[in-house]
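Please take a moment with the sequence and the model below before reading on. The paragraphs that follow lead through an enclosed space and then through a pair of helices.

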Amino acid sequence: MQRARSVEDKTRRSEDLLNAAEELARELGGVRYVTLAPVTERAGLHRTGVRRYYASKEELLLELAERGWYRWRDAVAAEVAGRSGLGPAQTARVVSRTLIALPVFCDLMTHVPLSLEGDVDMERARRYKTNAFAAHDEIVAALEQSSTLTAEQVTSLLATAIILAAGFWQVSHPTPSLAALYEQVPRWGHVALDFGPRLERSLTAFALGLTSPELA
């Protein structure tokens with residue numbers, strides 16, 4: 001494939017790589033299985049071509065996480081557009097359902113603090129933090145405007161949502177060896193079967209607890 005020359009070409013190639021990484025993460029069962037060679041092949045680039053766009057697999061996946069923040073922000077904004085007075089349970093459903101629709105983002109929320117942020121250079125980490133926090137603050141503003149929760153309560157809800165979505169996603173997508181073990185001992189693996197419902201129930205309970213008089 002011819003080398004990208006224009007800014008538009010480079011942007012398109014970068015998006016092709018991100019799309020390829022996301023597709024492979026879905027197909028293989030998680031970002032832990034994503035490597036650069038299959039990503040570049042899927043994107044139609046020479047195996048060394050990825051280095052012109054991303055210095056490492058970690059930088060590519062961090063970019064994918066950053067894109068996930070934008071998608072979550074946009075999904076929440078679309079979900080609450082024109083709505084007001086959403087109660088705690090309704091707000092929790094908005095948060096959980098928009099997250100459930102972004103499974104690779106949920107997966108990445110485990111890997112970002114564990115390795116991805118620390119394995120890129122400082123300026124790339126700074127850019128990720130800047131853009132992720134900006135998207136987070138826009139989500140807080142959208143939910144505060146459309147719900148009965150305060151900005152502080154929404155912030156607490158989002159922090160809990162990210163932690164739970166990351167953890168529940170990992171449990172619900174076991175490695176092949178663990179999946180085989182769960183087939184032998186089903187009671188150990190029952191939590192792996194209900195990522196979406198479990199996340200929604202947990203966030204709803206947390207949101208209701210935030211408005212409890214005992215916390216006032």
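Which helices each supply at least two residues of the lining of the largest cavity? In this predicted model, they are helix 3, which covers residues 57–80, and helix 5, which covers residues 103–116. Helix 3 gives the most to this lining, contributing four residues.

The structure holds one cavity of 30 Å³ or more, and the volume of the largest cavity is about 60 Å³. Around the largest cavity stand Glu22, Leu64, Arg67, Gly68, Arg71, Leu102, Val104, Phe105 and Leu108. Sorted by class, this lining consists of five nonpolar residues, three charged residues and one polar residue.

A second place to look is the pairing of helix 7, residues 151–172, with helix 10, residues 195–210, where the two helices pack at an angle of about 155° and their axes lie 10 Å apart. Because angles over 145 degrees count as roughly antiparallel, helix 7 and helix 10 are described as roughly antiparallel to each other. Their crossing is right-handed.

On the side of helix 7, the contact is made by Gln153, Ser156, Leu157, Thr160, Ala161, Leu164, Ala165, Phe168, Trp169 and Ser172, while helix 10 brings Phe195, Arg198, Leu199, Ser202, Leu203, Phe206, Ala207 and Leu210 to it. Taken by class, the contact of helix 7 with helix 10 has twelve nonpolar residues, together with five polar residues and one charged residue.

Technical notes: Residues numbered from 1 in each chain as written. Predicted model: local features only at pLDDT ≥ 70, side-chain atom pairs only at ≥ 80, totals over all residues. Heavy atoms only, no water. Axes fitted to C-alpha atoms, helices over the stretch in contact; angles between N-to-C directions. Parallel < 35°, antiparallel > 145°, perpendicular 65-115°, else oblique. Left-handed = near helix turned anticlockwise from the far one by under 90°. Contact = heavy atoms within 4.5 Å. Nonpolar A, V, L, I, M, F, W, Y, C, P; charged D, E, K, R; others polar. 1 Å grid on protein atoms, 1.4 Å probe; cavity = no way out; pocket = protein on both sides within 12 Å on 5 of 7 lines; lining within 4 Å. Points joined across faces, edges and corners; volume = space filled by probe spheres on them.
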